[in-house]
Amino acid sequence: FHNQAKDAANAGLCASEQGQKEFWKLHDLMFKNQGDLSVDGLKKLGKEAKLDMAKFEACVTSNKYMAKVNEDFEYGK
């Protein structure tokens, strides 16, 4: 697991709130831009994916899905 994996996973779940198509847009952009998956980098990718940025930023900033992400990471270990 890399040090930005959890933020990326949280962002993916946030994007999925806006639809499957939006999730896959962000997913593909994250894979193309693996060098910067920081929260700020993820927000830039969300904008590039044409997500509803108010919703996406609120979700990412609040770490809405981080408990689920942490649970999945523990299971994966």
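## Reading a helix crossing

A crossing of two helices is called right-handed if the near helix is turned clockwise from the far one by less than a right angle, and left-handed if it is turned anticlockwise. With that in hand, we can say that H3 passes H4 in a right-handed crossing. Please keep in mind throughout that this is a predicted model.

## The overall picture

Let's begin with the whole chain. The protein has five helices and zero strands, so its pattern along the sequence reads α-α-α-α-α. Its radius of gyration is 11 Å, close to the 11 Å given by the globule rule for 77 residues, so the protein is as compact as a globular protein of that length.

The C-alpha trace spans about 35 × 25 × 20 Å along the principal axes. Of the 77 residues, 35% are buried. Among contacts with a separation of 6 or more, 62% join residues 24 or more positions apart.

## H1 with H2

Two packed helices are described by the angle between their axes and the distance between the axes. For helix H1 (residues 5-16) and helix H2 (residues 20-32), the axes come within 7 Å and cross at roughly 155°. An angle over 145 degrees counts as roughly antiparallel, and H1 and H2 are therefore roughly antiparallel to each other. Their crossing is right-handed.

On the H1 side, the contact is made by Ala 8, Ala 11, Gly 12, Ala 15 and Ser 16, while H2 brings Glu 22, Phe 23, Leu 26 and Met 30. Sorted by class, this contact has six nonpolar, two polar and one charged residues.

## H1 with H4

H1 also meets H4, with axes that come within 9 Å and cross at roughly 145°. Here too the crossing is right-handed.

The H1 residues in this contact are Asn 10, Ala 11, Cys 14 and Ala 15, and they meet Phe 56, Cys 59 and Val 60 in H4. Six of the contact residues are nonpolar, one is polar and none is charged. Ala 11 and Ala 15 are worth finding in the structure: they take part in the contact with H4 and also in the one with H2.

## H3 with H4

The axes of helix H3 (residues 39-48) and helix H4 (residues 53-62) come within 10 Å and cross at roughly 160°. H3 and H4 are therefore roughly antiparallel to each other.

From H3, the residues Val 39, Leu 42, Lys 43, Gly 46 and Lys 47 meet Met 53, Phe 56, Glu 57, Val 60 and Thr 61 of H4. The residues of this contact divide into five nonpolar, two polar and three charged. Phe 56 and Val 60 of H4 belong to this contact and to the contact with H1 as well.

## What H3 buries

Which residues of H3 are buried? They are Gly 41, Leu 42, Lys 43, Leu 45 and Gly 46. The elements that cover these buried residues include H1, H2 and H4. Within this group, Leu 42, Lys 43 and Gly 46 are buried and also take part in the contact with H4.

## Two loop residues with positive phi

After H3 comes Lys 50, in the loop between H3 and H4. Its phi is near 65°, a positive value in a residue other than glycine. Is Lys 50 buried or exposed? At 70% relative accessibility, Lys 50 counts as exposed.

Asn 63 sits in the loop between H4 and helix H5 (66-76). Asn 63 has a positive phi of about 55°, although it is not a glycine. With 35% relative accessibility, Asn 63 counts as partly exposed.

Notes:
Residues numbered from 1 in each chain as written. Predicted model: local features only at pLDDT ≥ 70, side-chain atom pairs only at ≥ 80, totals over all residues. Heavy atoms only, no water. Axes fitted to C-alpha atoms, helices over the stretch in contact; angles between N-to-C directions. Helix = DSSP H or I, 4+ residues; strand = E, 2+ residues; numbered from the N terminus. Parallel < 35°, antiparallel > 145°, perpendicular 65-115°, else oblique. Contact = heavy atoms within 4.5 Å. Nonpolar A, V, L, I, M, F, W, Y, C, P; charged D, E, K, R; others polar. Rg over C-alpha atoms; globule rule 2.2 N^0.38 Å. Buried < 20%, exposed > 50% of the residue type's maximum accessible area, 1.4 Å probe, protein only.
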